[in-house]
Amino acid sequence: MTRSEQIVNSVIITAIARVAMVFALPAIYAAFQLYSSLQAATLDRMKTDLTSQILAAQAVASSAQSSASDASTATVGLSTRLTAVETKQSEAATSNEKFQTATLNRLDRVQDSIVGLSNTVAALTATLQAVVDEKRRRPP
């Protein structure tokens, strides 16, 4: 290689090196901008997904709160009904006890009446027997 070829090679290499230096910063900047825009798009997708998940979670929480409120209201109503049932059950037990006592008293009175009637029938039977016996003893 001659001296003139070395100079030409050196000038071409130097020119290429300087062109490369000139385009290196814009190329690095373009690569950074491309990477940055991809990251921004990914971040926006993540934000959208998170927002929709948060809204869904809030809807579920609202539904759960509504269900809890309904259950609380139903519990109050159930408590009122239970109190009414207990009161009616107590009243029914008292009424039933009074009815049983009254029924037993009536049955005792009926039994006493039956005993009295039985004694009366026995007395009438004895009287009739005595009348029949007396009529048999008397000659006709």
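Visitor: Why is Arg138 called exposed?

Guide: Arg138 has a relative accessibility of 54%, and since exposed means over 50% relative accessible area, buried under 20% and partly exposed in between (1.4 Å probe, protein chains only), Arg138 counts as exposed. This is a predicted model, in which local features need pLDDT of at least 70 and side-chain atom pairs count only at pLDDT 80 or more, while totals for chains, interfaces and linings use all residues. Residues are numbered from 1 along each chain as its sequence is written, and side-chain values use heavy atoms, with hydrogens and water left out.

Visitor: What makes the contact of Glu134 and Arg138 a salt bridge?

Guide: A salt bridge is a side-chain nitrogen of Lys or Arg within 4 Å of a carboxyl oxygen of Asp or Glu, and the side chains of Glu134 and Arg138 meet at 3.3 Å, N to O, so the pair satisfies that definition. A search of the whole structure finds one salt bridge. Glu134 has a relative accessible area of 44%, and is therefore partly exposed.

Visitor: How many helices and strands does the protein have?

Guide: The protein has one helix and zero strands, where helices (H or I, at least four residues) and strands (E, at least two) are DSSP runs, numbered from the N terminus.

Visitor: Why is the protein said to be more spread out than a compact globule?

Guide: Its radius of gyration, taken over C-alpha atoms and set against a globule rule of 2.2 Å times the number of residues to the power 0.38, is 58 Å, well over the 14 Å which that rule gives for 140 residues, so the protein is more spread out than a compact globule. Along the principal axes, the C-alpha trace spans about 195 × 30 × 15 Å, and of the 140 residues 0% count as buried.

Visitor: Which residues form a nonpolar patch on the surface?

Guide: Val19, Val22 and Phe23 form the patch, with about 300 Å² of accessible area together; patches are made of residues with over 30% relative accessible area and no salt bridge, like charges being joined within 9 Å and nonpolar side chains (Val, Leu, Ile, Met, Phe, Trp, Tyr) within 5 Å. Val22 lies in helix α1, which covers residues 3-137, and at 53% relative accessibility Val22 counts as exposed.

Visitor: Why does Thr14 count as partly exposed?

Guide: The relative accessibility of Thr14 is 34%, and therefore Thr14 counts as partly exposed. Thr14 lies in helix α1, and the C-alpha atoms of Thr14 and Phe99, 85 residues apart along the chain, are separated by 124 Å.

Terms used. Areas by Shrake-Rupley, 256 points an atom, 1.4 Å probe, with all protein chains shown as cover.
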